[in-house]
Amino acid sequence: MTAQSLQALYVVVKRANHLREGLRLVVDVSHALVEPAAMEQLQACSESHHLPASIDPMQSECRLRIVAPAEADADAGAGTRAVARARALRLAA
């Protein structure tokens, strides 16, 4: 997930948030590849209880819980990506 693709997720979260007052929404990105900037934005929304003003100009309260990738999973994913890159380089050579 990139900071740009996160905008589409915000739209979905906004719609879900407006379905019923007081919902606590869970965004589970535990198995996703999430850029650090996107994770920071998600966590900021979770802490502030608001989506970005560009998505929700009325700034309705939005209770988000973010299920982030575990550090071990992130490290393993980085290792897996490094191995895949090395294989691709060998194939290209």
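Buried means a relative accessible area under 20%, exposed means over 50%, and partly exposed lies in between, with a 1.4 Å probe and protein chains only. This is a predicted model, in which local features need pLDDT of at least 70 and side-chain atom pairs count only at pLDDT 80 or more, while totals for chains, interfaces and linings use all residues. Residues are numbered from 1 along each chain as its sequence is written, and side-chain values use heavy atoms, with hydrogens and water left out.

**Exercise 1. Describe the secondary structure of the chain and how its contacts are spread along the sequence.**

Step 1. Helices (H or I, at least four residues) and strands (E, at least two) are taken as DSSP runs, numbered from the N terminus. On that basis the chain has three helices and two strands, arranged along the sequence in the pattern α-β-α-β-α.

Step 2. A contact means heavy atoms within 4.5 Å. Among the contacts in the chain with a separation of 6 or more, 70% are between residues 24 or more positions apart.

Step 3. Of the 93 residues of the chain, 23% count as buried.

**Exercise 2. Determine which face of helix H2 is buried, and what covers the buried residues.**

Step 1. Helix H2 comprises residues 36-48, 13 in number, and spans 18 Å from its first C-alpha to its last, close to the 18 Å expected at 1.5 Å a residue; the expected span is 1.5 Å times one less than the number of residues.

Step 2. The buried residues of H2 are Ala-38, Met-39, Leu-42, Cys-45 and Ser-46. Seen down the axis of H2, these buried residues fall within an arc of 125°, so they line one face of the helix, the arc being that of the directions from the helix axis to the C-beta atoms. An α-helix has 3.6 residues a turn, so residues three or four places apart point the same way.

Step 3. The cover over the buried residues of H2 includes helix H1 (6-19) and strand S2 (63-67).

Step 4. On the face turned away from the buried side, H2 carries the exposed residues Pro-36, Glu-40 and Glu-47. Glu-47 has a relative accessible area of 66%, and its C-alpha is separated by 10.0 Å from that of Ile-66, which lies 19 residues away along the chain.

**Exercise 3. Work out how strand S1 is paired, which of its residues are covered, and how Ser-30 is placed.**

Step 1. Strands S1 and S2 run parallel and are joined by five bridges, where two strands pair if DSSP finds at least two bridges between them. Leu-25 stands opposite Leu-64 in S2.

Step 2. The covered face of S1 holds Leu-25 and Val-27, whereas Arg-24, Val-26 and Asp-28 make up the uncovered one. In a regular strand the side chains alternate between the two faces of the sheet.

Step 3. Ser-30 is found in the loop between strand S1 (24-28) and H2, and Ser-30 is buried, with a relative accessible area of 15%. A polar contact of 2.5 Å joins the side chains of Ser-30 and Asp-28.

**Exercise 4. Examine the backbone of His-49 and Gln-59 in the loop between H2 and S2.**

Step 1. Most residues other than glycine have a negative phi.

Step 2. His-49, just after H2, takes a positive phi of about 65°, and at 32% relative accessibility His-49 counts as partly exposed.

Step 3. Gln-59 is not a glycine, yet has a positive phi of about 55°; Gln-59 is partly exposed, with a relative accessible area of 30%.

Conventions
Polar contact = N/O pair within 3.5 Å; in protein donor to acceptor, adjacent residues only side chain to side chain.
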